[in-house]
Amino acid sequence: MRAVIQRVTKASCTVNNQITGQIQKGLMILLGVEEADTTEDLKWLGQKFINLRIFEDEQGMMNKSIQDVDGNILLVSQFTLFAQTKKGNRPSFIRAAKPDKAKPMYEEMALLLSQLLQKEVQLGIFGADMKIDLLNDGPVTIVMDTKDKDNF
């Protein structure tokens with residue numbers, strides 16, 4: 001799994017002019033699922049999201065997690081995180097999981113995050129043409145990949 005995590009002051013996802021999910025202070029997470037991903041990858045990454053200390057404390061240091069600041073999460077599926085651009089100019093998405101694998105894992109991540117955060121996670125619509133609006137706070141943007149855990 002690969003994720004782009006952005007600390008935001010607000011974020012929303014719109015599909016067909018309807019807001020499907022919106023948050024104030026929290027994390028906007030773009031999540032890509034790869035064919036080789038497992039439930040263990042999902043659990044590891046979910047714990048990282050919840051415990052990542054990227055919110056400022058009283059001294060302005062990044063020492064607080066999303067739970068510490070009572071933040072929210074907007075989770076959006078993003079198969080293009082697995083774009084391969086080595087050959088030519090058109091990206092290949094061959095490493096991205098097919099929908100029959102990716103959608104259940106995306107839904108399982110949403111459920112896990114809701115349980116860990118003890119509140120509803122806001123969502124995009126899997127496979128839809130989504131419009132994302134956000135105000136990145138910092139900016140703080142972090143990329144994580146479960147196949148490269150040693151660097152995270």
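In the predicted model, helix 2 spans residues 99–117 and comprises 19 residues. Its first and last C-alpha atoms lie 26 Å apart, close to the 27 Å expected at 1.5 Å a residue. Eight positions of this helix carry buried residues, namely Ala102, Met105, Tyr106, Met109, Ala110, Leu112, Leu113 and Leu117. These residues cover an arc of only 165° around the axis and therefore fall on the same side of helix 2. An α-helix has 3.6 residues a turn, so residues three or four places apart point the same way. The face turned away from the buried side of helix 2 bears the exposed residues Asp100 and Gln115. Packing partners of the buried residues are strand 3 (26–32), helix 1 (39–51), strand 6 (72–77) and strand 7 (122–123). Just after helix 2, glutamine 118 adopts a positive phi of about 60°.

The packing of helix 2 against helix 1 can be followed at glycine 46, a residue of helix 1. Glycine 46 has a relative accessible area of 0% and is therefore classed as buried, the limit for that class being under 20%. Apart from neighbours within four places in sequence, glycine 46 contacts Met109, Leu112, Leu113 and Leu116. Of these contacts, Met109, Leu112 and Leu113 are among the buried residues of helix 2. The C-alpha atom of glycine 46 is separated by 6.2 Å from that of leucine 113, although the two residues are 67 residues apart along the chain.

The largest pocket has a volume of about 400 Å³. Its lining consists of 22 residues, and those nearest the centre are Ser77, Gln78, Phe79, Thr80 and Gly127. Strand 3, strand 6 and helix 2 are the elements that contribute two or more residues to this lining. Strand 3 and strand 6 also appear among the elements against which the buried residues of helix 2 pack.

Eight salt bridges were counted in the model. In one of them, arginine 2 pairs with aspartate 145, with 2.7 Å between the closest N and O atoms. Arginine 2 belongs to strand 1 (residues 2–15) and aspartate 145 to strand 8 (residues 131–145), so this pair ties together parts that are 143 residues apart in sequence. Both partners fall below the 20% limit for burial: arginine 2 counts as buried at 18% relative accessibility, and aspartate 145 is buried at 9%.

A further salt bridge links the side chains of arginine 7 and aspartate 137, at an N to O distance of 3.3 Å. Arginine 7 is likewise located in strand 1 and aspartate 137 in strand 8, so the pair ties together parts that are 130 residues apart in sequence. Arginine 7 is buried, with 4% relative accessibility, whereas aspartate 137, at 25%, counts as partly exposed.

The side chains of lysine 131 and aspartate 129 also meet in a salt bridge, at 3.4 Å from N to O. Aspartate 129 counts as exposed, with a relative accessibility of 57%. In addition, Asp37, Asp41 and Lys147 are joined into one network by salt bridges that share partners.

Several backbone features were also noted. Glycine 138 and proline 139 are joined by a cis peptide bond, with omega about 0°. Proline 139 is placed in strand 8, the strand that also holds aspartate 137 and aspartate 145.

Positive phi values occur at asparagine 17 and aspartate 70 as well, neither of which is a glycine. For asparagine 17 the angle is about 65°, and the residue is found in the loop between strand 1 and strand 2 (18–23). Asparagine 17 is exposed, with a relative accessible area of 75%. For aspartate 70 the angle is about 55°, and the residue is found in the loop between strand 5 (62–64) and strand 6. Aspartate 70 is exposed too, with a relative accessible area of 56%.

Terms used:
Residues numbered from 1 in each chain as written. Predicted model: local features only at pLDDT ≥ 70, side-chain atom pairs only at ≥ 80, totals over all residues. Heavy atoms only, no water. Helix = DSSP H or I, 4+ residues; strand = E, 2+ residues; numbered from the N terminus. Expected span 1.5 Å × (residues − 1). Buried < 20%, exposed > 50% of the residue type's maximum accessible area, 1.4 Å probe, protein only. Arc of directions from axis to C-beta. Contact = heavy atoms within 4.5 Å. Salt bridge = Lys/Arg side-chain N within 4 Å of Asp/Glu carboxyl O. 1 Å grid on protein atoms, 1.4 Å probe; cavity = no way out; pocket = protein on both sides within 12 Å on 5 of 7 lines; lining within 4 Å. Points joined across faces, edges and corners; volume = space filled by probe spheres on them.
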